[in-house]
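Visitor: I am new to this structure and would like a close look at a single part of it. Please start with one pocket and work outwards from there.

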Amino acid sequence: MAQVRQLDPSSRSRGGASVFQAWERFARGGDDLSGVRPEIAISWHRCRDQYRVDPGLTEAPAAVAEVGHAPEHDVVFAELGFRAASLAHEVGTLGGIVTITDGTGRVLAQWGDQATQDVAAEANLARWFCWSEGATGTNGMGTALMSYAPVLIRGAEHWCRAFHDWTCAGVAIRDVVTREPVAVLNISCWRGDLPGTVGAWLGNAATMTQRILRRRAKDDGAELMAAFGHVRSGSSAALAAVDAAGRVVLADDTAGVLLGIPGSTPAPDPAVRWKPELPEFIRAAKYAAAQAVRNPDWAGSTQIATRLASEPTSISFQPVFLSGHLVGNVVSFGVAEGDPLPRAKEDVPPHVQPHRMVATRENRMVLLWLPEVSFAQSDGNDVWLSTDQGLLRSASPGLDRLEAELTDSGFLRVHRQYVVNLSRIREVERRHKGELFLVMDDDAQTMVPVSRRNAPTVRRALEI
């Protein structure tokens with residue numbers, strides 16, 4: 001008979017004294033976060049000011065409903081289940097447990113040390129309970145859903161006092177097309193430490209799982225291209241094949257001009273698909289994808305302003321499915337067929353321009369006014385801000401997210417690695433082969449390259 005490990009009820013909390021003191025101050029309404037890691041401080045702000053999670057909460061709430069998931073994501077749960085089960089014995093010998101949640105933070109499965117599972121059950125760290133940040137505060141699973149990298153939450157870094165005896169590490173698996181979270185793989189220990197290799201192991205598990213999703217997404221891209229060819233054979237309209245996130249897999253030359261992207265240039269790989277320069281088009285494509293998922297027979301149309309056209313252009317969406325799941329839409333320009341999409345003012349809440357950007361310096365959050373930021377540059381998953389206070393790391397994960405946050409705020413994506421503040425451009429340099437470089441007004445007079453695909457947009461924005 002397997003021996004059940006006994007847990008020491010006298011073990012002390014793993015949270016450091018300085019972190020616990022900062023937690024006490026912050027939970028009472030203060031803003032002094034000295035000694036707290038930036039990613040934890042940002043999470044605490046969300047929990048207190050946005051979600052209003054009670055720090056005295058002692059157990060996770062039940063999931064409000066059984067949320068469905070796309071059938072193509074079944075492969076994620078199968079892969080994570082295999083990896084979690086294979087690690088369960090090793091984690092169990094350390095007194096730990098492995099859990100899997102869906103993209104809402106609802107726990108689906110759990111393996112590991114039985115004594116720890118019994119303690120976890122008292123806090124509802126068990127199947128069918130919700131561990132999103134909005135429901136249960138800062139924790140390995142919920143905070144991983146908000147991050148693009150593995151997260152580690154130790155002791156008093158948890159938002160709820162009842163969970164300060166836990167150390168948790170989690171990583172989110174994200175859809176490679178929409179970048180929305182699909183699942184979380186998490187390891188937890190009660191009154192114990194996790195091995196130093198846990199971050200690398202979680203990161204590898206996420207990479208291997210998302211590699212499977214990327215292969216499937218490439219197949220979806222090929223299917224979209226085939227559907228594009230099929231529609232092309234019976235239509236003279238300008239056409240584009242777009243995925244569920246509004247990125248273009250293939251557009252003919254006319255559609256490419258209208259969207260501000262290269263025409264007749266296939267991009268089935270989700271990592272390199274073309275992003276149209278028309279936010280209104282992207283919103284319409286996302287809406288059309290959501291409607292088609294709910295009703296496979298749906299087709300719709302709307303009007304958008306396009307490049308080089310003085311009047312709005314009609315566009316129609318025709319859903320494309322592969323093995324029962326939506327892969328995107330073929331968009332016809334100059335055609336109005338199907339149900340009319342709601343006007344932007346009816347289905348999209350008014351965009352609120354951000355007044356501040358959040359950056360980090362060592363263990364502090366830095367709140368920046370937008371005019372203080374000259375430009376943002378991506379470095380892998382990190383984004384660095386060139387500011388009047390020096391080089392700071394942005395709290396926003398990824399340049400795409402930052403770009404979306406700064407829409408209509410005077411910032412422009414000029415290169416796959418750069419978003420610039422248009423008001424901070426001092427000079428524009430044109431090289432002998434036509435390349436554009438922006439000379440910024442920071443102390444170093446940094447020269448930011450402009451990609452060829454973004455050059456027309458930059459010229460229009462600067463009226464040159």
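Visitor: Which residues line the second largest pocket?

Guide: The model is a predicted one, in which local features need pLDDT of at least 70 and side-chain atom pairs count only at pLDDT 80 or more, while totals for chains, interfaces and linings use all residues. Residues are numbered from 1 along each chain as its sequence is written, and side-chain values use heavy atoms, with hydrogens and water left out.

The lining of the second largest pocket consists of Asp31, Asp32, Leu33, Ser34, Ala41, His45, Arg361, Asn363, Arg364, Met365, Val366 and Leu367. On a 1 Å grid over the protein atoms alone, a pocket is an open set of points with protein on both sides within 12 Å along at least five of seven lines, a cavity is a set where a 1.4 Å probe fits but cannot get out, and lining residues have an atom within 4 Å of a point. The space in this pocket is about 250 Å³; a volume is what probe spheres set on the points fill, with points joined across faces, edges and corners.

By class, the lining has 5 nonpolar, 3 polar and 4 charged residues. Here Ala, Val, Leu, Ile, Met, Phe, Trp, Tyr, Cys and Pro count as nonpolar, Asp, Glu, Lys and Arg as charged, and the others, Gly among them, as polar. Both α2 and β13 (364–369) give at least two residues to the lining, and β13 has the largest share, with 4. Such helices (H or I, at least four residues) and strands (E, at least two) are DSSP runs, numbered from the N terminus.

Two lining residues, Ala41 and Asn363, lead on to Val36. Leaving aside neighbours within four places in sequence, Val36 is in contact (heavy atoms within 4.5 Å) with Ala22, Ala41, Trp44 and Asn363. Val36 and Trp44 are also among the members of the largest nonpolar core that touch the most other members, along with Leu125, Trp131, Trp159 and Trp166. A nonpolar core is a set of buried Ala, Val, Leu, Ile, Met, Phe, Trp, Tyr and Cys residues joined through side-chain atoms within 4.5 Å. Buried means under 20% relative accessible area, exposed over 50%, and partly exposed in between, with a 1.4 Å probe and protein chains only.

This core has 33 residues, and the elements that each supply at least two of them include α1 (17–27), α2 (38–51), α4 (114–122) and β4 (166–174). Another core lies apart from it, with 27 residues, among them Phe77, Ala169, Leu202 and Ala245.

Leu125, Trp131 and Trp166 turn up again around the second largest cavity, whose lining also includes Ala123, Met141 and Ser188. That cavity has a volume of about 70 Å³ and is one of 2 cavities of 30 Å³ or more in the whole structure. Its lining divides into 7 nonpolar, 3 polar and no charged residues.

Back at α2, the loop between α2 and α3 (74–93) holds Arg52. Arg52 is not a glycine, yet its phi is positive, about 55°. Most residues other than glycine have a negative phi. Arg52 counts as exposed, at 67% relative accessibility. A further positive phi, near 65°, belongs to Arg179, in the loop between β4 and β5. Arg179 is partly exposed, with a relative accessible area of 33%.
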